[in-house]
Structure formats: C-alpha cells, structure tokens
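Me: Please take a close look at one part of this model, the open sheet and the residues around it. I would like a connected account rather than a list.

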Amino acid sequence: MPNTNAPKGFVPVSNFDGSPYNGATRQYIHASGDTQAIFVGDIVTATGDSVLVNVGGSVQSFPIAAQAVTTGIQDGVCIGVDLVTRDSPIYAPASTQVVITVAIDPDMLLLCQDISTGTPLTPNDIGLNIDFSVGGNGSTITGLSGMVLNNGTEAGTNTLDLKIIGQFQSPGNDLGTAAATGAASGQWLVKLNRSRFANQVAGI
C-alpha cells in the first residue's frame, strides 16, 4: 500500500537520547511586516530584531521570527500559535503580528516526510544530511506546514539543513523492499543540522 502524501512539516517526537520530547519551547513574534505566513510545523529563524508587547499590563520583549530558508540558521520548529479569540487562525497569517511557540531544543528528533517526486529516500541514506523544501505554502484550513525533505539533496555535506537519523517506525510507513530502495512520501526522523543553539554558531 503506497504511503499517503500528506505533508505536515516537522513534528517533534522525542529527544535524541530516546527520551520523550520534553516540550522545551520559546515564544517569538511573527511580525506584521512579514508577508510570508508561518504554519505549524515550519522551521523558523530569528531575524535579529525584537518587538515589545503588552501582556496583561506588563511590557514583554519577544524576538521576531520568520519562516526559515534552506541553508540558513534555524531556531526551531513552530508548534503553535497564540489564539487571541476563538476565531483566530491556527497559523500565523501573512502581515499579521501574532505570538508563535517554537520548539528550540537542538537535540530533538523531528518527523517529516520526503517530497513525493523524484527518487525516494532509502534506508541507505541514514546518516547523510539533507535540505528541506518549503513545498509551497501550508494549509490555511489545517494550519499545518507544507515543508518536506528534499530527497534530491541528500549528501555528506556538513552545511545541509538536517541530518537523517532513521526511518519512522510505523505500519503505515513503507520504505520499500531493500536497504537500497525506497517508497515515495516516506516518513523519516531527522535532526536540525544548523541550529542556532548548537555549538560554534555565530550570533545575530
């Protein structure tokens, strides 16, 4: 049975040591001047700017984040959006200031599917690095990201976006019949390879 092609970006599933993901997060602002929406599951990056927000009568400072681009530095993955009212979108719309919650642990393992075109990733690709693809905008209905693994970029190059840790062990995730073959839209566990919070990363 073929894998379902249903991108949802990056989902934290555990820590690198195998322990449950502990939910370590930081809050950022999606700026009103940002014409690119941020969806749940998007990799995001700090812009180097901050904004002051009145929270319950107390002025608080939030760093500004934007949707990350491939080959850039990553702060983490958007896992939620502050809902101001019951009718608020469940993603950060373009040109709208909203608080987003970002999982920032550089050691978290992330679940993501590979792109549904080209040569699929195979078990022999475990240990290589890979870039992500934005994959078009996310869904304004589900609020979920459209980011996927770009299975045309896997290589040993140390500057690629992510490190392939392993396949996602699930009955619904078929990766083919041999270690050198794969199946389209396979689901993989990866780790941020260009985290701002890892060692030897320049500040902004």
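**The open sheet and its surroundings**

Reply: In this predicted model, a polar contact of 3.4 Å joins the side chains of Asp131 and Thr70, and that contact is a convenient place to enter the part you ask about. Asp131 is found in the loop between S8 and strand S9 (132–133), and S8, which covers residues 129–130, is one of the two edge strands of the open sheet. Asp131 is buried yet has no salt bridge, since the nearest side chain of opposite charge, that of Arg194, is 7.0 Å away, and a salt bridge would need a side-chain nitrogen within 4 Å of a carboxyl oxygen. Not counting residues up to four places away in sequence, the residues that Asp131 touches are Thr70, Thr71, Leu149, Asn150, Thr153, Leu160, Asp161 and Leu162.

Leu162 in that list leads into the sheet itself, for Ile130 stands opposite Leu162 in S11. The open sheet has five strands in the order S1-S7-S12-S11-S8, with antiparallel pairing; its edge strands, S1 (11–15) and S8 (129–130), each pair on one side only. Going inward from the S8 edge, S8 and strand S11 (residues 162–167) are joined by two bridges in the antiparallel sense, after which S11 and S12 pair, again antiparallel, over five bridges, with Gly166 standing opposite Leu189 in S12. Strand S12 (residues 187–192) then pairs in the antiparallel sense with strand S7 (residues 108–113) over four bridges, and in this pairing Cys112 stands opposite Trp188 of S12.

Cys112 also bears on the question of disulfides, of which the structure holds zero. Cys78 is in no disulfide, and the nearest cysteine sulfur to its own, that of Cys112, is 14 Å away. Seen from the other side, the sulfur of Cys112 has its closest cysteine sulfur in Cys78, and because the distance is 14 Å the two are too far apart for a bond. Both cysteines are nevertheless shielded: Cys78 is buried, with a relative accessible area of 1%, and Cys112 is buried at 2%.

Charged side chains make further links here, the count of salt bridges coming to two. In one of them the side chains of Asp107 and Lys191 meet at 3.7 Å, N to O; Asp107 lies in the loop between strand S6 (98–103) and S7, whereas Lys191 belongs to strand S12, so this pair ties together parts that are 84 residues apart in sequence. The two partners fall into separate classes of accessibility, Asp107 being partly exposed at 39% and Lys191 buried at 18%. The other salt bridge joins the side chains of Arg196 and Asp75, at 2.5 Å, N to O. This pair links distant parts of the chain, with Arg196 in the segment after S12 and Asp75 in the loop between strand S4 (58–67) and strand S5 (76–81), 121 residues apart. Here Arg196 is buried, with a relative accessible area of 14%, and Asp75 counts as buried at 1%.

One further loop residue may be set beside these. Ala31 has its place in the loop between strand S2 (25–30) and strand S3 (43–55), and Ala31 is buried, with a relative accessible area of 18%. Leaving aside neighbours within four places in sequence, Ala31 is in contact with Ile64, Thr96 and Gln97, while Gly41, ten residues from Ala31 in sequence, is 18 Å from Ala31 in space, C-alpha to C-alpha.

Terms used
Residues are numbered from 1 along each chain as its sequence is written. This is a predicted model: local features need pLDDT of at least 70, side-chain atom pairs count only at pLDDT 80 or more; totals for chains, interfaces and linings use all residues. Side-chain values use heavy atoms; hydrogens and water are left out. A disulfide is a pair of cysteine sulfur atoms within 2.5 Å. Buried means under 20% relative accessible area, exposed over 50%, partly exposed in between (1.4 Å probe, protein chains only). Two strands pair if DSSP finds at least two bridges between them. Lys and Arg count as positive and Asp and Glu as negative; His and the chain ends are not counted. A polar contact is a pair of N or O atoms within 3.5 Å; within protein, one must be able to donate a hydrogen and the other to accept it, and residues adjacent in sequence count only if both atoms are side-chain atoms. Contact means heavy atoms within 4.5 Å.
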